[in-house]
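Visitor: Could you take me on a close look at a single part of this model? I would like to see how one sheet is put together and what lies against it.

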Amino acid sequence: MSIAISPTSSSPKSDSATQIEPTKLAGMGAIPHEHGVAFRVWAPHADHVSIIGDFNDWSGDRHPMANEGNGYWYGDVVGAEVGQGYKFQITNGDQTFDRIDPYAREVTNSVGKGVVHDTAYDWEGDDFQMPNHNEIVIYEMHIGTFHRSDEEQPGSFADTLKRLPHLKQLGVNVLQIMPVAEFAGDLSWGYNPAHIFAVESAYGGPLALKDFVKQAHAHGFAVVMDVVYNHFGPSDLDLWRFDGWSENDKGGIYFYNDHRSSTPWGETRPDYGRGEVRQFIYDNAKMWIEDFHVDGLRYDMTAYIRTISGIGDDDISEGWGLMQWINRDLAQQFPNCLLIAEDLQKNNWLTKPHDHGGAGFSTQWDAAFVHPIREAVQQIDDAHRDMWAVREALCHRYNDDAMQRVIYSESHDEVANGKSRVPSEIDVENPESAHAQKRSVLAAALALTAPGIPMLFQGQELLEDDWFDDTDPIDWDRAEQFKGIKQLFRDLIGLRLNREGKTRGLIGQHIHVHHVNDGDKVIAFVRSGDEDPEGDVVVLANFANRSWDGYEIGFPAAGHWKLRFNSDWKGYSEDFADKDTDDVVADEVPRDGLPATAKLSFGPYAVLVFSKS
């Protein structure tokens, strides 16, 4: 990867600067070439830097680096090879210490050594294209717990590949991977990156990730990578005081060294105003798409990139500008890439285009959906379910574009940190009870029928309970135990993606919530596309523990409406009521502001989906 070498805000302490020779190779970190490996590192406060590694018996005297006069140091080791370990030995005053290369593409582990890595890979035949944003269903997954072939070891990319047939059958088409940059230890959620250019060694490293992406593409899955730029570490962090310099007892050249350093994860916020740090993060974002062929990025907690507190008006303008720069260039170079912000502050500017002052994300996780929907289904007493809050959740959007939001009832954040999976929140003593099954499915069904980009969290289709824990893998025995629930999710996803050509309205932009019965806890809405009345879909959701016969709601047109889905069907679960429900004929009698009326029968906590036959 090439980098523009630019002046740093701090001058190097050494006066022994040399001019960049034409023969010097562009790039950062280890740069393999025909005769050996070149190396470049940014260490503006160093007095001396050497390359140490397997190629020189780890001796700091053998391969000193030349100061390029702009904070960067360069060296070339003839005979060094791909696969050899290396570090940089840095001297600042009377301090001498060894550091793992910040740009290392491979490490032995988070506290081990860098490994010279060849980025070449055979991508022949990999011509995958991301579907349109209104035709995707995301599946969020954690490599370490999704599937383990050895219960004593975290799952790997190779292990995950073994379960692709399950995901193919389920019908999702975008795999959003929790962070895989090298982190401390072997067990982690991934939100503590120690080396952002290296792929977690416990998962299989960079080649295994490339194999995973290529195989995922071959099976029809896009891959979106979770990245963490709001903080680094905080543990096993060689970036900390990398070249020996710091101010105010802070972290040195890669971090803010004033009050802006503070985050919920330590004093580890990157210095978004320093050109070399901005380039470091920019290069990392491009690496995932260029070198690993992922189809998009999901930025972790952007609120802590754009503000100090994550919730206030204490803006960090450099953080905003950095996101604009990265997103603009990625969107221009990779027009189909999906750029997702986790901000959770309901901020329209995240998904406005950069040329209008926005951050340029494609879409963002929508707190305005998940929180009211979970609140509604988790209430113990039906009387406390707020249908008007549900209505607002269904209709919320950013910049009048429904696809600018990702909607879900479970995510890694929503099923941990003091919260559990929805079935366990509904019935902590028996998360497999009929009520827990019905109401957790109710929440998921709304995510899959409301306008937006729907997302599931791993195991949701297996009715996983308790909370997410990086030591607790998915129990795959549940795939047989709850095969009906899995079928329910498969049927809903098929409808959401209009795979049978009968539910076009569900891939459209529009929603009209025409029926809100807060007394009886019933809500109904019409989903549609632009000027496509034949594609209209009607969805009814019952938030009460009672059945109905002859319940009247408005329909967009008179005539026969086919029942495409009934969540109360006993084929999905023996615990369901299996209320007799069928197609309906709407009469030309206006109701709920629509021109026709139909009478429906449905069971407790049921979701029905109708479309024209």
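**The open sheet and its helices**

Guide: Happy to, and let us start with a helix: H13, residues 483–496, lies across strand S23 (559–566) and strand S26, running at about 135° to S23. Please keep in mind that this is a predicted model. A helix that also lies across S26 (607–612) is H11, residues 434–449; H11 lies across S20 and strand S21 (537–542) as well, and runs at about 160° to S21.

Now for the sheet itself. This open sheet has 6 strands in the order S19-S20-S21-S26-S23-S24, and the pairing is antiparallel. Strand S19 (510–517) and strand S24 (584–586) are at the edges; each has a single partner strand, so one side of each is left without a neighbour in the sheet. From one strand to the next, the twist averages 25°.

At the S19 edge, the partner is easy to follow: S19 and strand S20 (residues 522–528) pair in the antiparallel sense over 7 bridges. One pair to find on your screen is His515 with its bridge partner in S20, Ala524.

Moving to the other edge, have a look at the loop between S24 and strand S25 (596–602), which holds Arg591. The side chain of Arg591 meets that of Glu552 in a salt bridge, at 3.4 Å from N to O. Glu552 belongs to strand S22 (residues 548–555), and the pair links parts of the chain 39 residues apart. Glu552 has a relative accessible area of 29%, so this residue counts as partly exposed. Arg591 is partly exposed too, with a relative accessible area of 33%.

Conventions. Residues numbered from 1 in each chain as written. Predicted model: local features only at pLDDT ≥ 70, side-chain atom pairs only at ≥ 80, totals over all residues. Heavy atoms only, no water. Pairing = 2+ DSSP bridges. Helix = DSSP H or I, 4+ residues; strand = E, 2+ residues; numbered from the N terminus. Axes fitted to C-alpha atoms, helices over the stretch in contact; angles between N-to-C directions. Contact = heavy atoms within 4.5 Å. Salt bridge = Lys/Arg side-chain N within 4 Å of Asp/Glu carboxyl O. Buried < 20%, exposed > 50% of the residue type's maximum accessible area, 1.4 Å probe, protein only.
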